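Subject: Structure handover

Hello,

Here is the structure I said I would pass on. Please look it over before reading the notes underneath.

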Amino acid sequence: MSRLRYFPNRASDLQPLTPLEIPNNLKSSLLDVLTKITNKLKPVEKNGEDGLYLGTAGIAYMFYHLSKIPAFKEYHNKYLENALNYLQPALLVCKRFSIHKNDVPSFLLGNAGVYAVATAIYNAIGDGAQCNKYIELYKDAGKLCTKMHFLNCGSDELFVGRAGYLCGALWMESELKSRIFKVEDLYELCRLTVESGRKYAQQYRSPSPLMYAYYNVEYLGAGHGLCSILQYIMSVPGYLSSNPKDATDIKASVDYLLSLQDDEGNFPTAMDELGQERNDLIHWCHGAGGVVYLFAKAYLIWNEDKYLQAVKKAGDLIWEKGLLKKGPGLCHGVAGNGYVFLLLYRLTGDNKYLHRAHVFFEFLYTDEFQTNARTPDNPYSLYEGLAGTACFLADLFTPQTASFPFSDVF
């Protein structure tokens, strides 16, 4: 039993005619999480490194996100103030790191993600001049992405590559509710990404029309792999209909990835793991917990039931094996897997999935989890730690609009 990567889920699924309400301890639990974060992780420059993923920019995002939740409207101004405070160390780090030009477009680990969150925060507090400043810095970063291979490790994936840059651009436009980027500029980044994947697939004779490598590994999951690259190209409005040849290869690549779903509902981490008897990683970064967003997007675009069934099958696996021992966070923790049920709730309207999300929240506060779960290396961060948990808890108040950070497929 100790070798399992997850805690066995002993909870019952939703029973017929059972009323479903927000858990009584949800608000107090969330406020307690925020107190832990602000007590333990201070908004100082040494904590500002590693972008949205681990640094204070991720805490700034968390407070910005909470400021929009109606259940916390009495804290709206305070949360925006906190967001601004935690943003500042990350901006200082960006000034230092801007000399490393090729790293600037990095969305989750570098400057671009910090600029995106800065844009949203300054817009929310009504500082148009600062908002526009960071829009321009984000646009400038995008110019580096127009070189096919601007990074030696791989120029297309989510953390540091073009997919992440597209993700941030789409998120900024959604938050500001306005057109910020020229359509042709976003289309060019999509075109380059497709061309890159097509050339790689042909060179290495991939069974998928599009394939990518990050540090010479052909990852498939959301963290660095094929699924998130495809998802963000598909998310650029109008690109598929304007580029039918690319759309054909994208859909064939989505269907290839779908063919890799195993009997349990999971997916291999990378192409070099094909044929393994078991795919043990059930995370957002690797496995079903992240791949589901691609198939949800595919279902919404092409309206083919096979994509919805893939998401449901993955959801059933996560219900059984998704209470991860690695911690409470988004990337490889309980909150990240809990978001899958909020996705399914929005896709289907079935209260079963909202119940499952509540169960995952409640498990975080059991003695079993508190005693036996691992403490992440960065226990208060957005992707590994409690800041991501706080976003999940907050989204339980508004499940009809909830989405994994920066990954709203609707």
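The notes below cover helix packing, salt bridges and a few single residues.

Please keep in mind that this is a predicted model.

Helix packing

Two packed helices are described by the angle between their axes and the distance between the axes. Two pairs are listed here, and helix α12 takes part in both.

The first pair is α12, residues 288–302, with α14. Their axes lie 9 Å apart and the packing angle is about 15 degrees. Angles under 35 degrees count as roughly parallel, so α12 and α14 are roughly parallel to each other. The crossing of α12 past α14 is left-handed. On the α12 side, the residues that meet α14 are Gly289, Val292, Tyr293, Ala296, Tyr299 and Leu300. Facing them in α14 are Asn337, Tyr339, Val340, Leu343 and Leu347. Sorted by class, the residues of this contact between α12 and α14 are 9 nonpolar and 2 polar, with no charged ones.

The second pair is α9, residues 226–235, with α12. Here the axes come within 9 Å and cross at roughly 30 degrees. That angle makes α9 roughly parallel to α12. This crossing of α9 and α12 is left-handed. From α9, the contact uses Cys227, Leu230, Gln231, Met234 and Ser235. From α12, it uses Gly290, Val291, Tyr293, Leu294, Lys297, Ala298, Ile301 and Trp302. The contact of α9 with α12 divides into 9 nonpolar, 3 polar and 1 charged residues. Tyr293 of α12 appears in the contact with α14 and also in the contact with α9.

Salt bridges

Side chains of opposite charge can pair when their charged atoms come close. The model holds 24 salt bridges. Some of them are described here.

Glu74 and Lys27 form a salt bridge, with 3.3 Å between the closest N and O atoms. This pair links distant parts of the chain, as Glu74 sits in the loop between α3 (56–67) and α4 (76–97) while Lys27 belongs to helix α1 (residues 26–40), 47 residues apart. Glu74 has 49% relative accessibility and therefore counts as partly exposed. Lys27, at 29%, also counts as partly exposed.

Arg346 and Asp408 form another salt bridge, at 3.3 Å from N to O. These two residues are 62 apart in the chain and again link distant parts of it: Arg346 is in helix α14 (residues 334–348), and Asp408 is in the segment after α17 (386–395). Asp408 is partly exposed, with a relative accessible area of 40%.

Asp280 pairs with Arg278, and the closest N and O atoms in that salt bridge are 3.1 Å apart. Asp280 is partly exposed, with a relative accessible area of 38%.

There is also a network of salt bridges that links Glu188, Arg191, Glu195 and Lys199.

Single residues

Three residues are worth listing one by one.

His332 is located in the loop between α13 (305–321) and α14. Is His332 buried or exposed? Its relative accessibility is 15%, so His332 counts as buried. Apart from residues up to four places away in sequence, His332 touches Tyr53, His283, Cys285, Leu324, Lys326 and Glu384.

Thr389 is in helix α17. With 2% relative accessibility, Thr389 counts as buried. Which residues does Thr389 contact, leaving aside its neighbours within four places in sequence? They are Pro328, Gly329, Ala335 and Leu364. Thr389 and Leu330 are 59 residues apart in sequence, and their C-alpha atoms are 6.9 Å apart in space.

Ala118 is part of helix α5 (residues 111–124). Its relative accessibility is 0%, so Ala118 counts as buried. Outside its neighbours within four places in sequence, Ala118 is in contact with Leu87, Leu91 and Tyr134. Between the C-alpha atoms of Ala118 and His332 the separation is 26 Å, and along the chain these two residues are 214 residues apart.

Regards

Terms used. Residues are numbered from 1 along each chain as its sequence is written. This is a predicted model: local features need pLDDT of at least 70, side-chain atom pairs count only at pLDDT 80 or more; totals for chains, interfaces and linings use all residues. Side-chain values use heavy atoms; hydrogens and water are left out. A salt bridge is a side-chain nitrogen of Lys or Arg within 4 Å of a carboxyl oxygen of Asp or Glu. Helices (H or I, at least four residues) and strands (E, at least two) are DSSP runs, numbered from the N terminus. Buried means under 20% relative accessible area, exposed over 50%, partly exposed in between (1.4 Å probe, protein chains only). Axes are lines fitted to C-alpha atoms, for helices over the stretch in contact, and angles run from 0 to 180 degrees between N-to-C directions. Angles under 35 degrees count as roughly parallel, over 145 as roughly antiparallel, 65 to 115 as roughly perpendicular and the rest as oblique. A crossing is left-handed if the near helix is turned anticlockwise from the far one by less than a right angle, and right-handed if clockwise. Contact means heavy atoms within 4.5 Å. Ala, Val, Leu, Ile, Met, Phe, Trp, Tyr, Cys and Pro count as nonpolar, Asp, Glu, Lys and Arg as charged, and the others, Gly among them, as polar.
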